Amino acid sequence: MKYLRTELHWPTSAHLDLPRSLGSFVRNKSYQRRINNQQKVMPDISVIICTYNPRPDYLRRVLDALNRQTLPKDHWELLVVDNASRERLADTWDLSWHARARHIREDRLGLTSARLRGITEASGQFLIFLDDDNVLAPD
C-alpha cells in the first residue's frame, strides 16, 4: 500500500493578507457574481458570527461596524450562529437593517460545530468568520 505524502505550509503572519473591511476584501479578489437556479443573485460574502452568551457592548459594536460597511448589502449576508445562549439572540438583537441577516440557533456543541453550521447555512462565495468581539473597519 502506498501512502500519499503531503507537505503543509502554514503561512506566517507576514504572509497573511487579512481584510480590514468587506470592501477591501472584495476589491482584492477577482470573482463573478453567482446566480442560483431561481435567477436570484447570490451574495459574494457570507459573514458568520458564532457566539455564546455575548457581551452586549461588544456585539453591538460588531453589528454597528457591519452596518456601516460601504459595500452594498446585497453583496453580502450576515449569519449570527447562537450556540445556545441563555437569552435567545433573535429576541435580543434586531437585524432588520440587513435583508440578508439571519439568526441561527443550535444546541451548545462548541465553536467548531457553530462554524460548521455557519458554513452549511452560508450561500456566499467567500466566508468571513468573526467572533463576537471582532470589529471590521468601515471602508
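Here is a walk through this structure, from its sheet to its core and on to a few single residues. Keep in mind that the model is predicted.

Let's start with the sheet. Four strands form an open sheet in the order S3-S2-S1-S4, and their pairing is parallel. Strand S3 (101-105) and S4 stand at the edges with a single partner strand each, so one side of each has no neighbour in the sheet. If you look along the sheet, you can see that neighbouring strands are turned against each other by 20 degrees on average, direction ignored.

Now look at how the strands are joined. S1 and S2 run parallel and are joined by seven bridges; here Cys 50 stands opposite Val 81 in S2. Five bridges join S1 to S4, again a parallel pair. Across that pair, Ser 46 stands opposite Leu 127 in S4, and the bridge partner of Ile 48 in S4 is Phe 129. Five bridges also join S2 to S3, which run parallel, and there Val 81 stands opposite Ile 104 in S3. Val 81 is thus a handy residue to find, as it stands opposite Cys 50 and also opposite Ile 104.

Next come the helices that pack on this sheet. H2 touches S1, S2 and S4, and its direction makes about 175 degrees with that of S1. Helix H4 (residues 111-121) touches S1, S2, S3 and S4, and its direction makes about 155 degrees with that of S1. You can also follow the chain through S1, H2 and S2, which make a right-handed β-α-β unit.

Is strand S1 mainly buried or exposed? Seven of its seven residues are buried, so S1 is largely enclosed by the rest of the structure. In a regular strand, the side chains alternate between the two faces of the sheet. You can trace two sets in S1: Ile 45, Val 47, Ile 49 and Thr 51 lie on one side, while Ser 46, Ile 48 and Cys 50 lie on the other, and all are buried. S2 can be read in a similar way. Seven of its seven residues are buried, too. Trp 76, Leu 78, Val 80 and Asp 82 point one way from S2, and Glu 77, Leu 79 and Val 81 point the other way.

What fills the inside? In soluble globular proteins, nonpolar side chains tend to be buried together. Here, the largest nonpolar core has 18 residues, and those with the most contacts inside it are Val 47, Ile 49, Leu 63, Leu 66, Trp 76, Leu 78 and Leu 130. Strand S1 (45-51), helix H2 (56-67), strand S2 (76-82) and strand S4 (126-130) each give two or more residues to this core. The largest share, four residues, comes from H2. Apart from this core lies another one, of seven residues, including Cys 50, Leu 79, Ile 104 and Ala 122.

Finally, let's visit the loops, beginning with His 75. This residue lies in the loop between H2 and S2. Its relative accessibility is 18%, and because buried means under 20%, His 75 counts as buried. The side chain of His 75 makes a polar contact with the side chain of Asp 44, at 2.8 Å.

Two other loop residues are worth a look for their backbone angles. Most residues other than glycine have a negative phi. Asn 53, in the loop between S1 and H2, has a positive phi of about 45 degrees although it is not a glycine. With 22% relative accessibility, Asn 53 counts as partly exposed. Ala 84 sits in the loop between S2 and helix H3 (89-92). The phi of Ala 84 is also positive, near 60 degrees, and this residue too is something other than glycine. Ala 84 has a relative accessible area of 23%, so it is partly exposed.

Terms used. Residues are numbered from 1 along each chain as its sequence is written. This is a predicted model: local features need pLDDT of at least 70, side-chain atom pairs count only at pLDDT 80 or more; totals for chains, interfaces and linings use all residues. Side-chain values use heavy atoms; hydrogens and water are left out. A nonpolar core is a set of buried Ala, Val, Leu, Ile, Met, Phe, Trp, Tyr and Cys residues joined through side-chain atoms within 4.5 Å. Buried means under 20% relative accessible area, exposed over 50%, partly exposed in between (1.4 Å probe, protein chains only). Two strands pair if DSSP finds at least two bridges between them. Axes are lines fitted to C-alpha atoms, for helices over the stretch in contact, and angles run from 0 to 180 degrees between N-to-C directions. Contact means heavy atoms within 4.5 Å. A crossover is right-handed if, with the strands pointing away from the viewer, the path from the first strand over the helix to the second runs clockwise. A polar contact is a pair of N or O atoms within 3.5 Å; within protein, one must be able to donate a hydrogen and the other to accept it, and residues adjacent in sequence count only if both atoms are side-chain atoms.
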